[in-house]
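Q: Got a minute to walk me through this one? I'd like to start with the sheets and then move on to helices and cores.

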Amino acid sequence: MYSLFRKEIKTFLGSLIGYLAVLVFLLVSSLFLWVFPGNYNIPDSGYATLEPFFSLAPWLYLFLVPAITMRFFADENRSGTMEILLTRPIADFKLVLAKFLAGMVLVLFSLFPTLLYFLSVYLLGNPIGSIDVGATWGSFFGLFFLATIYVAIGIFASSLTDNQIVSFILAMALSFIFYLGFEFVASSEIPYVFQQVLMWFSINEHFLSASRGVIDLQDVVYFLGMTFLFLYLTSMLIRKGKFNQRKTRLQLTSVVIILLIVFFTSTNFLFRIDLTLDKRYSLSPVSMQITSEIKEPVFIEFFLEGELEPGLKKLQREVFEKIAVLNAYSDKPIRLKITDPYRSRSAEERDSLIETLYQEGIQPTSFRHQTDEGVSTKLIFPGAIISMGDREVAVNFLKYNQDFSHEYNFNHSVESVEFELVNAFQKLTRTKKSTVAFLEGHGEFDRYQVLDFATALSADFEVARVNTETLGKYADNFDILIVAGPEKPFEEADKFVIDQYIMNGGKVVWLIDPVKVDVDSLSRGFRTFAFPRDINLGDQLFKYGARLNYELLQDVECAQIAVNTAPPGVAAKYTLHPWYYSPLLTPGDDHPLSRNLNRVFTEYVSSMDTTSGNPELKKSVILTTSPYARRVKSPSSVSLQNIDNPPARELFNTPFIPVGVLIEGTFTSLYQNRMVEKLGFSSADVLGKSKPTKMVIFADAGMIANKVNYSGASPQIQRLGYDRVANRTWGNKEFLMNTVFYLNDDRGIMQLRNRTLKMRLLDPVKLREEKSSWQWLNVLLPMLIMAVFGILYNLVRKYQNTRS
């Protein structure tokens, strides 16, 4: 075996055609990765990754590997040395195995110069070394497995003919059929069982995970099994007449049956090694649990397809990979269909589909790309419709925050894929909606003032309005209570009902204005006053771990206000000025409830503090001011003259003042060890300690209220969080929806939002200043290394032959 192995290596290294094949492989790969514009171009993508290379390599291998293996047996058959080989005291399979090992060494030899690509991306990273080393080496490992099956197919093709060209073409055709042919047939309208079988035999289906740095037991079994099958078939064919023997056919049938059993058995074992540094392709335990509980087939129609920019391509690959992993953990199939709204459709069909996507809730984004006619702009839909039985839910994967860069938004979108999918599965499998109740009876916002938010809630919750009497009688019917903007003081009996609701495990969202500002007075003149508002909740909230402060906050990062600056008697002229009393609050980035959310639009906000005393409570600040804020104690005046004479900039020196706090744990009742008979209740029925529960307290009520115009025949509702001056909608609705989702989440799904992936970007400055140098380096140096090696090898070989 060793002699035959050495012979094949020497023959290839001494052949000009072999070097030409490797040089063409290196030239084409480097041009696509470093020079030609397109999806494979690494500098244009801006990401420190070799994923484009691992996506391109299978296509280049379709030409390289057949060029390496085409002469292995074809040349033996042509020259008549095959009979001599078969007379050697070596088993036929070992003979084939020797040539296979030689082929693998030659493939690795051709792959060695591509390590320069890795070094280049490593040095171009921002910072240096930001490339995911674990994922890259795992992908090289997957490329090695891909080479094994390509080499085995190439050797098999070479054994069928004595013509190297025929062997090359046949190996390339067979490799393509196994790489994409089965997958192409599976994508047609055939029964699902046959789709799954064909997809399982597709090389691409098993290489996708490996190309991202994930080693899956099923993929390893597939590559090793298919490689062994082709090598075994070759050993049956190299000796003429052997295949016609009955014993040989029985052996081959037995091998095929055993392999099929092994293949089928491997599908029942889920073992994956995620080599990525972020473990980005590993599922959390809650995802595994929820996916394993799926009782019906799931159908996912994904609409992000076509020509995409690198960030969207990255998001697309993440969705594909996550669906594949979730499908592996599900007892029922999770089927994926990819639909391009613009492909093979008439204008009417396309417009109808786009309108349907709008109605389903799939949010489009504008995408500009280069065409032959110039720059074209079209809408793309980075979302999916997930259905189970007769139920369906729309999922938007692209998260967009105007305060962050495109790269940050794409990275956040990738981080959120698992949460969005698992959350959708939970919505589809639930049998009953939770109930959210808005408290009334104390001057809270009416149903029109919270209509936009209540409408958004109604998609996932039952929404009701209750008073404390109803809450006391039917507390178990309400999962979450929202106390939004009360103006009247709470009676002790009402406070007791809410307290015992919490003690029984109820969750509450408190939105309280500790300071009253007469906005109508301000709109009629230039000055109004801010007075403390006591609604008799201070002691109760203090007992629960929070204290609201009677003050207003001013913030440099604020909304603008339009003020008429024209003199009296002259046409109105409005100019924009910062209104420090309208802070744009920042959701905390270290908690899954508030992470990666847009800022919240508010007016006349107060602050709050957390209190100690109960070690069983965990407090998390989820909403704060910017680093440049100040406190204004009440009572105080609020005047538009602040626009002309703003406070000194150095006064805004208090960073991150808390406005919203999440409190979790076991609460102590305000009425523990107190006589409540005078309130109409029995002291014996008072619960002193709560079940583990949660509440959120905000020192601002207006963040939940949409503006309402009552002047017409019916109230006109404005979007929640809408800034009329800036003509944009801030993140109020999404933030408050996340708050309710978190309170209602008893399984930990919201923790998936805390998943972080490191942004691995290339250094834009280096690319701008040194791009040409890196392009020349990666195009010429690999070929130069190979050419120098070939020249030196053949010179040394010639010298040795001359001496001998």
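A: Sure. One definition before the pairings: two strands count as paired if DSSP finds at least two bridges between them. Also, keep in mind that this is a predicted model.

Q: Okay, so which residue in β24 does T528 stand opposite?

A: That's V638. The strands there are β15 (residues 527-532) and β24 (residues 636-639), which run antiparallel and are joined by 4 bridges.

Q: What about β14 and β15, parallel or antiparallel?

A: Antiparallel, with 3 bridges between β14 (residues 515-517) and β15. For a register point, V515 has P532 in β15 as its bridge partner.

Q: Switching to the four-stranded sheet: what's the strand order?

A: It goes β5-β4-β8-β9, an open sheet with mixed pairing. The edges are β5 (334-338) and β9 (391-396), each pairing on one side only. From one strand to the next, the twist averages 20°.

Q: And how many bridges hold β4 to β8?

A: 5, in the antiparallel sense, between β4 (residues 298-302) and β8 (residues 383-388). One of the partners to look at is A384 in β8, bridged to F302.

Q: Which helix lies across that sheet?

A: α19, residues 417-429. It lies across β4, β5, β8 and β9, and runs at about 160° to β9.

Q: Now α13. How many of its residues are buried?

A: 17 of 21, so mostly covered, given that buried means under 20% relative accessible area. The helix covers residues 217-237 and reaches 30 Å from its first C-alpha to its last, close to the 30 Å expected at 1.5 Å a residue.

Q: What's going on at the start of α13?

A: A side-chain oxygen of D216 comes to within 2.9 Å of the backbone nitrogen of Q218.

Q: Let's do cores. Which residues have the most contacts inside the largest nonpolar one?

A: L50, F53, Y61, L143, Y150 and I203, in a core of 89 residues. Helix α9 (residues 133-158) gives the most to this core, with 12 residues.

Q: What is Y61 in contact with, leaving aside its neighbours within four places in sequence?

A: F25, P66, V107, L111, L143, L146, A147 and Y150. Two of those, L143 and Y150, are also on the list of residues with the most contacts in the core.

Q: Where does the other core sit relative to that one?

A: Apart from it. This other core has 79 residues, among them F461, L623, M703 and F741. As a general point, nonpolar side chains tend to be buried together in soluble globular proteins.

Conventions
Residues are numbered from 1 along each chain as its sequence is written. This is a predicted model: local features need pLDDT of at least 70, side-chain atom pairs count only at pLDDT 80 or more; totals for chains, interfaces and linings use all residues. Side-chain values use heavy atoms; hydrogens and water are left out. Helices (H or I, at least four residues) and strands (E, at least two) are DSSP runs, numbered from the N terminus. The expected span of a helix is 1.5 Å times one less than its number of residues. Buried means under 20% relative accessible area, exposed over 50%, partly exposed in between (1.4 Å probe, protein chains only). A polar contact is a pair of N or O atoms within 3.5 Å; within protein, one must be able to donate a hydrogen and the other to accept it, and residues adjacent in sequence count only if both atoms are side-chain atoms. Axes are lines fitted to C-alpha atoms, for helices over the stretch in contact, and angles run from 0 to 180 degrees between N-to-C directions. Contact means heavy atoms within 4.5 Å. A nonpolar core is a set of buried Ala, Val, Leu, Ile, Met, Phe, Trp, Tyr and Cys residues joined through side-chain atoms within 4.5 Å.
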